[in-house]
Amino acid sequence: MEEKPVKRFIAGAVCPKCAQMDRIVMYKKDGGDFRECVECGFNDELHIQPQVRELETRVNISKETIEAETQVLQFKPIAKNKDD
Ligand SMILES: [Zn+2]
């Protein structure tokens, strides 16, 4: 069982620092995705947002909508006494 991070070359990727093509490798570390340039040593973390975040946002929006509708229901119609 190997636990070493597997570095894979990204075909056609251009290094943002030295502009060399096919020198970028991608690897996983500490649960995150990183890229590294084997030419100049440039490296940074790739921020890939999981799609679960979108679902949480939608749930929040739906909850706010439900609360707004609930508030509307709390308003009572103005009753006019026409019996007088
Ligand atoms: Zn580079």
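Biologist: What makes P5 and D33 count as contacts of K28, once neighbours within four places in sequence are left aside?

Modeller: Two residues are in contact if their C-beta atoms, placed from the backbone, lie within 7 Å. In this predicted model, K28 is in contact with P5 and D33 when its neighbours within four places are set aside. K28 itself belongs to strand β2, and its C-alpha atom is separated by 9.8 Å from that of L46, which lies 18 residues away along the chain.

Biologist: Why is K28 called partly exposed?

Modeller: The class called partly exposed falls between the buried limit of 20 or more other C-beta atoms within 10 Å and the exposed limit of 12 or fewer. K28 has 13 other C-beta atoms within 10 Å, and therefore K28 is partly exposed.

Biologist: What makes β2 and β3 a pair of strands?

Modeller: Two strands pair if DSSP finds at least two bridges between them. Strand β2, residues 24-29, is joined to strand β3, residues 32-37, by six bridges, and the two run antiparallel. One of the residues involved is V25, whose bridge partner in β3 is E36.

Biologist: What joins β1 to β2, and in which sense do they run?

Modeller: Two bridges join β1 to β2, and these strands run antiparallel; the count meets the requirement of at least two bridges, so the strands pair. Here F9 has V25 of β2 as its bridge partner, and V25 is also the residue whose partner in β3 is E36.

Biologist: How many bridges support the pairing of β3 with β4?

Modeller: Four bridges support the antiparallel pairing of β3 with strand β4, residues 43-46, and F34 stands opposite E45 in β4. The two strands form a hairpin with five residues between them, and in the turn G41 has a positive phi of about 90°.

Biologist: What makes β1 and β4 the edge strands of the sheet?

Modeller: The four strands form an open sheet in the order β1-β2-β3-β4, with antiparallel pairing. Each of β1 and β4 pairs on one side only, and these are the edge strands. Read along the sequence, the protein chain follows the pattern β-β-β-β-α, and its secondary structure comes to one helix and four strands.

Biologist: What is notable about the phi of D30?

Modeller: Most residues other than glycine have a negative phi. D30, however, has a positive phi near 55° and is not a glycine. D30 is found in the loop between β2 and β3, in a hairpin that has two residues between its strands.

Biologist: Why does D30 count as it does, buried or exposed?

Modeller: A residue is exposed if 12 or fewer other C-beta atoms lie within 10 Å of its own. D30 has 7 C-beta neighbours inside 10 Å, so D30 counts as exposed.

Biologist: Where does A19 lie, and what value does its phi take?

Modeller: A19 lies in the loop between β1, residues 8-9, and β2, and its phi is near 65°, a positive value in a residue other than glycine. A19 has 11 C-beta neighbours inside 10 Å, and therefore A19 counts as exposed.

Biologist: What share of the 84 residues of the protein chain counts as buried?

Modeller: Of those 84 residues, 4% count as buried. As for contacts in the protein chain between residues at least 6 apart in sequence, 13% join residues at least 24 apart.

Notes: Residues are numbered from 1 along each chain as its sequence is written. This is a predicted model: local features need pLDDT of at least 70, side-chain atom pairs count only at pLDDT 80 or more; totals for chains, interfaces and linings use all residues.
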